[in-house]
Amino acid sequence: MPDARLTRLDAHDDGVNAWSMAHIAPPAALAGLIHGYCDYAERTGGFTARRELPHGDGVMIVNLGDPITIVGGDGQILDLGTGEAFVGGIHLRPALSQSNGTQRGMHVFLPLTTLRRLLGLPMHLLLDRVVPLDAVLGVAARRLGAELVEARSGDERIALLDAALIARITQTRPIAAIDDHAIALVSQRPDLDLRTVADQVGWSRKHLADRVRDTVGIGPRSFRRVLRFHRVTSIVSAAPEPDWAGLAHDIGYCDQSHLIREFREFAGITPSAFVARLAGAGGGLIEH
């Protein structure tokens, strides 16, 4: 593992559940385009499924272990064998990941704008969906999966992933600067109403909605709701005994009841159930 790019190593073994997760910073050529990788392996004797909640980024995972099953927010089932990969767009409903109790793979963390660029598809086509990577990128995706399975070390896996993503990026057109600016205003400036955002980029509100939907998969108002929900789940995952009323106020909900309604819509469970199912260092929510 390249020490200069290893940002964190999470390891856990309680005799029932065990995992190792090496978090890797992106190479210089992809800085600002992806958040990084996670090279992971786990054995979960206490559970075999996780509930994956809506968040504001794209997902790309290459399965390097036993077969796994992913159920998208649309309810469609995707079975992945060894060396097969999938991508997921933004979700408004939870997804499920299931295994036989062991998993190994490479997870690429990337913004939705970068996923849009890599796939060359309007992101609303991936709303609440997970799709095989080779359905979009064909033989290149299958070749990458086979090479990652055969790799003899973490260093080699990272080098292969770097090379594949850099090659794809160099073949694709960057997201227009005006689209990037609009997404930044929508996501980073919740104090600005959407009419003001549209005015600042020189668009009508309808054109703003159309461009955001193409770039991230949903309209700007819904995107802000997902980002706000993800802020809550991230905070609670790190400190799972929150003052819910205070948190609701700080994050921008009308009140605690509003937060609870959002939990039910996006997660399908209550906030208290969310805390009860937290899987700790393994990530995700345990499904029994």
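**Exercise 1.** Determine whether Thr 44 is buried or exposed in this predicted model, and describe its surroundings.

*Solution.* Step 1: The relative accessibility of Thr 44 is 4%. Step 2: A residue is called buried when this value is under 20%; Thr 44 therefore counts as buried. Step 3: Thr 44 belongs to strand 3, which covers residues 36-44. Step 4: If neighbours within four places in sequence are left aside, Thr 44 is in contact with Val 16, Asn 17, Arg 50 and Gly 101.

**Exercise 2.** Establish where the buried residues of helix 5 lie around its axis, and state which helices they pack against.

*Solution.* Step 1: Helix 5 comprises the twelve residues 177-188 and reaches 16 Å from its first C-alpha to its last, close to the 16 Å expected. Step 2: Its buried residues are Asp 179, Ala 182, Ile 183, Leu 185 and Val 186. Step 3: These residues cover an arc of only 160 degrees around the axis, so they lie on the same side of helix 5. Step 4: The face turned away from that side carries the exposed residues Ala 177 and Gln 188. Step 5: The buried residues pack against helix 1, helix 6, helix 7 and helix 8.

**Exercise 3.** Classify the crossing of helix 1 and helix 7, and identify the residues in contact.

*Solution.* Step 1: The axes of helix 1 (residues 112-119) and helix 7 (residues 205-216) come within 8 Å and cross at roughly 70 degrees. Step 2: Angles of 65 to 115 degrees count as roughly perpendicular; helix 1 is therefore roughly perpendicular to helix 7. Step 3: Leu 112, Thr 113 and Arg 116 of helix 1 make the contact with Asp 214, Thr 215 and Val 216 of helix 7. Step 4: The residues of this contact divide into two nonpolar, two polar and two charged.

Methods. Residues numbered from 1 in each chain as written. Predicted model: local features only at pLDDT ≥ 70, side-chain atom pairs only at ≥ 80, totals over all residues. Heavy atoms only, no water. Axes fitted to C-alpha atoms, helices over the stretch in contact; angles between N-to-C directions. Helix = DSSP H or I, 4+ residues; strand = E, 2+ residues; numbered from the N terminus. Parallel < 35°, antiparallel > 145°, perpendicular 65-115°, else oblique. Contact = heavy atoms within 4.5 Å. Nonpolar A, V, L, I, M, F, W, Y, C, P; charged D, E, K, R; others polar. Buried < 20%, exposed > 50% of the residue type's maximum accessible area, 1.4 Å probe, protein only. Expected span 1.5 Å × (residues − 1). Arc of directions from axis to C-beta.
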